[in-house]
Amino acid sequence: MAATRVITAATNTTSSLIFKRPISSQFSKKSSNFISLSFNPTLSKRLFTCRAIYRPQDVVSKDQGQPETLDYRVFFVDNSGKKVSPWHDIPLHLGDGVFNFVVEIPKESSAKMEVATDELYTPIKQDTKKGKLRYYPYNINWNYGLLPQTWEDPSLANSEVEGAFGDNDPVDVVEIGEKQRKIGEILKIKPLAALAMIDEGELDWKIIAIALDDPKASLVNDIEDVEKHFPGTLTAIRDWFRDYKIPDGKPANRFGLGNKAASKDYALKVITETNESWAKLVKRNIDAGELSLV
């Protein structure tokens, strides 16, 4: 982790993440289509000021190895060629409700790419199972990736989502714009909604968002606008993530919050809380286990 990274903490406490898992087990690895939950409105203003040393425009992605091989990696480098982390060194928020989003999986593709949270500089790689590369059983229909400087703490249980503990990863983003993006592309996005997916008992948030350069970006600012301008999309995203493991013989994933997408304000609450968890992680207030903080 760059020594010049600065983290300024806010003083308020998080409202919904209230149960603590023992450290020893920490890393064992207005429509019927959405829900609007009440919460402390100050939460959306409590994002940590995490000044990463690298601006997105000063970072480029660089392939190492051949795609769809076990040693393939997408690293991120600065103008001098130094490797940086897309998880830790790209700033989360840009102000005015705009956030950075790192693309891991382009829409209409099936290779299960993800940030390697346990490798130095956390490059993007293709996930594996039993030594074999993993693929979704069918293409994902949206651009998919992560919010930098967020972390779903596996020692914290969310009292609003069945007491589920975090999945030990950055927060996922489902970007609904029309353009297919590239692995490693960094986009400016605005959150629109959130889905509380429960995967094998772990909480795995999905933030639904749109890139600011999408032609419809100015038309959608909250969950109601998604229903209006992208009809059926929220249901389609939920159903896709619910069912994608079934062809492999696994049970369907479940969703908290009434099995519905929550509003933009709730999505901002999720981002705030997971940003706070990330800040505690990189300040070494929480045991990182096998996670790389570099």
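## Salt bridges and a buried strand

R254 and E162 form a salt bridge, with their closest N and O atoms 2.8 Å apart. This pair links distant parts of the chain: R254 sits in strand β22 (residues 254–255), E162 is in the loop between β17 and β18, and 92 residues separate them. At 41% relative accessibility, R254 counts as partly exposed, while E162 is exposed at 54%. Keep in mind that what you're looking at is a predicted model.

Here's the overall picture. The protein has three helices and 23 strands. Of its 294 residues, 53% count as buried. The exposed area comes to about 13,000 Å², and carbon and sulfur atoms supply 49% of that.

### More on the salt bridges

Side chains of opposite charge can pair when their charged atoms come close. In this model there are 18 salt bridges. Three of them are set out below.

| Pair | N to O distance | Sequence separation |
|---|---|---|
| R254 and E162 | 2.8 Å | 92 residues |
| R73 and E119 | 2.9 Å | 46 residues |
| E160 and K269 | 3.0 Å | 109 residues |

Take the R73 and E119 salt bridge, at 2.9 Å. R73 belongs to strand β6 (residues 73–77) and E119 to the loop between β11 (113–115) and β12 (124–126), so their contact ties together parts that are 46 residues apart in sequence. R73 counts as buried, because its relative accessibility is 13% and the cut-off is under 20%. E119, at 22%, counts as partly exposed.

Then there's E160 with K269, whose side chains meet at 3.0 Å, N to O. This pair also links distant parts of the chain, with E160 in the loop between β17 (156–158) and β18, and K269 in helix α3 (residues 264–282). Is K269 buried or exposed? K269 is buried, with a relative accessible area of 1%. Its partner E160 is partly exposed at 30%.

Salt bridges can also join up into a network: K112, E114, D127 and R134 are linked that way here.

### Strand β21 and its neighbours

Now for strand β21, which covers residues 202–211. How many of its ten residues are buried? Ten of the ten are, so the strand is largely enclosed by the rest of the structure. Both faces are covered: E202, D204, K206, I208 and I210 are buried on one side, and L203, W205, I207, A209 and A211 are buried on the other.

Which strands pair with β21? Strand β20 (residues 186–199) does so in the antiparallel sense, over ten bridges. In that pairing, D199 stands opposite E202. β20 and β21 make a hairpin with two residues between the strands, where E200 takes a positive phi near 50°.

The parallel partners are worth a look too. Strand β19 (residues 172–175) runs parallel to β21 and is joined to it by four bridges, with E175 standing opposite A209. Strand β18 (residues 164–166) pairs with β21 in the parallel sense over two bridges, and G166 stands opposite L203.

The loop between β18 and β19 holds N168. N168 counts as buried, at 10% relative accessibility. The side chain of N168 makes a polar contact of 3.1 Å with the side chain of W151.

Conventions: Residues are numbered from 1 along each chain as its sequence is written. This is a predicted model: local features need pLDDT of at least 70, side-chain atom pairs count only at pLDDT 80 or more; totals for chains, interfaces and linings use all residues. Side-chain values use heavy atoms; hydrogens and water are left out. Buried means under 20% relative accessible area, exposed over 50%, partly exposed in between (1.4 Å probe, protein chains only). Accessible areas come from the Shrake-Rupley method with a 1.4 Å probe; for residues, only the protein chains shown count as cover. Two strands pair if DSSP finds at least two bridges between them. A polar contact is a pair of N or O atoms within 3.5 Å; within protein, one must be able to donate a hydrogen and the other to accept it, and residues adjacent in sequence count only if both atoms are side-chain atoms. A salt bridge is a side-chain nitrogen of Lys or Arg within 4 Å of a carboxyl oxygen of Asp or Glu.
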